[in-house]
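Biologist: I am at home at the bench, but reading a structure is new to me. Could you walk me through this one, feature by feature?

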Amino acid sequence: VGFSPIAIDGMSGLAGVGLSGGAAGAGWCIFVYNLSPEADESVLWQLFGPFGAVTNVKVIRDFTTNKCKGFGFVTMTNYDEAAMAIASLNGYRLGERVLQVSFKTSKQHKA
């Protein structure tokens, strides 16, 4: 009977991960901790941009003050570039703070 067109579309879609540019869930999510209250998205673009293709950055802000709550997320399309960015930026001093950078894990951090 053969493949249905839907199955074939799904296969070709997988081959192009990261080429569509910002498809939800495409890429590697990096967790950045210990940002200053003044940090914004442009800071993350500048930090991670030199390492490779960044598709998305998000600084988590306090709802009432609009200040950064100390962390954010960066999405990169290429695993090797993301790993290099983490290796280079984990422990990086940004102003008065030392950044903690790691792959975002789905499970909660254990205390």
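Modeller: Gladly! Let's start with the outside: the protein exposes about 7,600 Å², and carbon and sulfur atoms supply 58% of that area. Please keep in mind that this is a predicted model.

Biologist: Thanks. How many helices and strands does the secondary structure come to?

Modeller: There are 3 helices and 6 strands. Read from the N terminus, the elements follow the order α-β-α-β-β-α-β-β-β.

Biologist: What share of the residues is buried?

Modeller: Of the 111 residues in the protein, 23% are buried. You can also look at how far apart along the chain the contacting residues sit. Among contacts with a separation of 6 or more, 59% are between residues 24 or more positions apart.

Biologist: Now the sheet. In which order do its strands lie?

Modeller: First the general idea: strands of a sheet pair through backbone hydrogen bonds, either parallel or antiparallel. Here, 4 strands make an open sheet in the order β2-β3-β1-β6, with antiparallel pairing. β2 and β6 (100-103) are at the edges with a single partner strand each, so one side of each has no neighbour in the sheet. From one strand to the next, the twist averages 20°.

Biologist: How many bridges join β1 to β3, and which residues stand opposite each other?

Modeller: β1 and β3 are joined by 6 bridges. Follow β1 along and you find Trp28 opposite Met76, Ile30 opposite Val74 and Tyr33 opposite Phe71. On the β6 side, β1 is joined through 4 bridges, again antiparallel, and there Phe31 faces Ser102.

Biologist: And how do β2 and β3 pair?

Modeller: They pair in the antiparallel sense over 6 bridges; Val59, for instance, has Gly72 in β3 as its bridge partner. The two strands form a hairpin with 6 residues between them. In the turn, Asn66 has a positive phi of about 65°.

Biologist: How much of β3 is buried?

Modeller: β3 is mostly covered, with 7 of its 9 residues buried. Take Thr75, which is in this strand. The cut-off for buried is under 20% relative accessible area, so Thr75, at 15%, counts as buried. Leaving aside neighbours within four places in sequence, Thr75 is in contact with Ala26, Gly27, Trp28, Cys29, Ala53, Val54, Thr55 and Asn56.

Biologist: What do the helices do around the sheet?

Modeller: Two of them can be placed against the strands. α2 packs on the sheet and touches β1, β2, β3 and β6, with its direction making about 140° with that of β2. α3 lies across β1, β3 and β6, at about 155° to β6.

Biologist: Can we pick a residue in α3?

Modeller: Try Ala83, whose place is in that helix. Residues between the buried cut-off of 20% and the exposed cut-off of 50% count as partly exposed, so Ala83, at 25% relative accessibility, is partly exposed. Its C-alpha atom is 9.1 Å from that of Ile30, although Ala83 and Ile30 are 53 residues apart along the chain.

Biologist: Then which residues have the most contacts inside the largest nonpolar core?

Modeller: The general idea is that, in soluble globular proteins, nonpolar side chains tend to be buried together. In this model the largest nonpolar core has 19 residues, and those with the most contacts inside it are Ile30, Val32, Leu44, Phe48, Val74, Met76 and Val101. The elements giving two or more residues to this core are β1 (28-33), α2 (41-48), β2 (54-61), β3 (68-76) and α3 (79-89). α3 gives the most, with 4 residues.

Biologist: What does Phe48 touch?

Modeller: Not counting residues up to four places away in sequence, Phe48 touches Ile30, Val32, Val54, Val74, Met76, Ala85, Leu89 and Val101.

Biologist: One last bench question: how many disulfides does the structure hold?

Modeller: It holds 0 disulfides. As for cysteines, Cys29 is partly exposed, with a relative accessible area of 27%, whereas Cys68 is buried at 6%.

Technical notes. Residues numbered from 1 in each chain as written. Predicted model: local features only at pLDDT ≥ 70, side-chain atom pairs only at ≥ 80, totals over all residues. Heavy atoms only, no water. Core = buried A, V, L, I, M, F, W, Y, C linked by side-chain atoms within 4.5 Å. Buried < 20%, exposed > 50% of the residue type's maximum accessible area, 1.4 Å probe, protein only. Contact = heavy atoms within 4.5 Å. Disulfide = S-S within 2.5 Å. Pairing = 2+ DSSP bridges. Axes fitted to C-alpha atoms, helices over the stretch in contact; angles between N-to-C directions. Areas by Shrake-Rupley, 256 points an atom, 1.4 Å probe, with all protein chains shown as cover.
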